[in-house]
Amino acid sequence: MTNLRLFDDPPQKACEVIGPCAFVLRGFALPDVDTLLPAIAAIETRSPFRHMLTPGGFTMSVALTNCGTWGWTTDRHGYRYSRQDPASGQPWPAMPEAFSRLARAAANAVGFDAFAPDACLINRYLPGSRLSLHQDRNERDFNAPIVSVSLGMTAIFLFGGHARTDKTSKVALYHGDVVVWGGEDRLRYHGIMPLKDEPHPLLGSQRINFTFRKAG
Ligand code: MD3
Ligand code: FE
């Protein structure tokens, strides 16, 4: 009789453990794609994707925008979170309910409860775009996890250690994958290899990545 439970249970999403406190939930966002894409289109009308300047004076190959109370920005003066979109002087678009619900559900699935992101950085990669090895350390509270959602073309994610020169491992991130990391993995170096042009059936030659954070 107990075996019948196996058939009644909802199908378990595949979860890959890539670090002591880092998890890839394969396809976790797929049921939400139809909601996420129009929401991005709405955000873009008020806060378009743009290429920001790093403090070192380089133009990022990744274009970005934000939604939520806080938005991540960079310019010649440094990296920081700001309540206003520097391009418009207006607050960033509100974080859609569907975004925060997805982020909370993913965090919850690997044991972080009550994740309440107040920032969502949205990165857009075109063929050749890359993100060099870095740490995410502009947030106030490193106890909260970060949740990332990948849409569109496949990316090769580089997962390093706590020093820039530590050995990295590669993890492919596919359309619909969600990564959650926190705890001792929260400050690991990470990056994205230059994107190969292998067009995605739904999004074409681009990759969109959301990262949800507790920034303020
Ligand atoms: C960090 N974005 O915006 S998120 C960023 O795909 C950023 O656009 C990348 O890094 C992107 O700051 C990567 C995915 C990710 C996954 C696992 C990690 C970042 C991680 C583990 C430790 C630290
Ligand atoms: Fe990052």
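This is a chat about the cysteines, the iron site and one sheet of a predicted model.

Trainee: How many disulfides turn up in the whole structure?

Mentor: A search of the whole structure comes back with zero disulfides. Cys-15 is in none, and the nearest cysteine sulfur, that of Cys-21, lies 11 Å away.

Trainee: Is Cys-15 buried or partly exposed?

Mentor: Cys-15 counts as partly exposed, with a relative accessibility of 39%.

Trainee: And why is Cys-120 not bonded to Cys-67?

Mentor: The closest cysteine sulfur to that of Cys-120 is the one in Cys-67, but at 4.0 Å it is too far for a bond, because a disulfide needs the two sulfur atoms within 2.5 Å. Cys-120 itself is buried, its relative accessible area being 0%.

Trainee: Changing topic, which residues are the protein donors of the iron ion?

Mentor: For the iron ion (ligand 2) they are His-134 through NE2, Asp-136 through OD and His-190 through NE2, at 2.0 to 2.2 Å from the ion. Along the chain, these donors follow the spacing H-x1-D-x53-H.

Trainee: Are His-134 and Asp-136 buried or partly exposed?

Mentor: His-134 counts as partly exposed at 22% relative accessibility, whereas Asp-136 is buried, with a relative accessible area of 6%.

Trainee: What about the sheet, in which order do the four strands run?

Mentor: The order is E7-E12-E9-E10, in an open sheet with antiparallel pairing. Strand E7 (131-134) and strand E10 (169-173) are the edge strands, each pairing on one side only, and neighbouring strands are turned by 20 degrees against each other on average, direction ignored.

Trainee: How many bridges join E7 and E12?

Mentor: E7 pairs with strand E12 (residues 190-192) over two bridges, in the antiparallel sense, and Leu-131 stands opposite Ile-192 in E12.

Note on methods
Residues numbered from 1 in each chain as written. Chains lettered and ligands numbered in written order. Predicted model: local features only at pLDDT ≥ 70, side-chain atom pairs only at ≥ 80, totals over all residues. Heavy atoms only, no water. Buried < 20%, exposed > 50% of the residue type's maximum accessible area, 1.4 Å probe, protein only. Donors = N, O, S within 2.8 Å, 3.2 Å for Na, K, Ca; no water. Pairing = 2+ DSSP bridges. Axes fitted to C-alpha atoms, helices over the stretch in contact; angles between N-to-C directions.
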